[in-house]
Amino acid sequence: QRDREIPAFFDFGGVPEPGLARAETAMVLGYCPEAVTDLVSFVVLPPRPKRGPGPTAPQKTLLELGLDNQDFKVFVRVRPCLPRECG
């Protein structure tokens with residue numbers, strides 16, 4: 001991926017802070033002023049309107065409604081009787 005061209009909204013800046021990198025200056029990846037302006041203008045926009053009431057949880061189970069639930073399954077494990085239990 002080093003051969004790929006970096007998009008225009010990235011900006012590299014040199015930071016002359018000793019100890020930040022092994023070289024004399026560190027190259028820091030940042031964003032160009034246009035990208036920052038675009039991001040800030042998006043963040044300060046008013047919230048989008050909601051699409052509707054949204055999902056709601058069921059108030060009653062299918063059993064309470066008297067309906068069959070085809071997805072309901074019960075798994076029962078029956079062990080063999082112990083010698084003291086047989087008889």
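Which helix gives the most to the nonpolar patch? Helix α1, covering residues 33-43, does, with five residues. Keep in mind as you look around that this is a predicted model.

## The nonpolar patch

On the surface, a nonpolar patch is formed by Y31, V36, L39, V40, F42, V43, V44 and L45. Together they offer about 840 Å² of accessible area.

Take a look at Y31, one of the patch residues. Y31 belongs to strand β2, which runs over residues 26-31. Its relative accessible area is 53%, so Y31 counts as exposed, the cut-off being over 50%.

## Two cysteines without a bond

Let us turn to the cysteines. The number of disulfides comes to zero. C81 is in no disulfide, and the nearest cysteine sulfur, that of C86, is 4.2 Å away. Likewise, C86 is in no disulfide, with the sulfur of C81 as its nearest cysteine sulfur at 4.2 Å. Why does this pair not count? A disulfide needs two cysteine sulfur atoms within 2.5 Å, so a distance of 4.2 Å does not qualify.

How open are these two residues to the surroundings? C81 has 53% relative accessibility and counts as exposed, while C86, at 47%, counts as partly exposed.

## One salt bridge

Side chains of opposite charge can pair when their charged atoms come close. Here the count comes to one salt bridge. The partners are E85 and R79, whose closest N and O atoms are 3.1 Å apart.

Are these partners buried or partly exposed? E85 is partly exposed, with a relative accessible area of 40%, and R79 is partly exposed as well, at 46%.

Key: Residues are numbered from 1 along each chain as its sequence is written. This is a predicted model: local features need pLDDT of at least 70, side-chain atom pairs count only at pLDDT 80 or more; totals for chains, interfaces and linings use all residues. Side-chain values use heavy atoms; hydrogens and water are left out. Patches are made of residues with over 30% relative accessible area and no salt bridge: like charges are joined within 9 Å, nonpolar side chains (Val, Leu, Ile, Met, Phe, Trp, Tyr) within 5 Å. Accessible areas come from the Shrake-Rupley method with a 1.4 Å probe; for residues, only the protein chains shown count as cover. A salt bridge is a side-chain nitrogen of Lys or Arg within 4 Å of a carboxyl oxygen of Asp or Glu. Helices (H or I, at least four residues) and strands (E, at least two) are DSSP runs, numbered from the N terminus. Buried means under 20% relative accessible area, exposed over 50%, partly exposed in between (1.4 Å probe, protein chains only).
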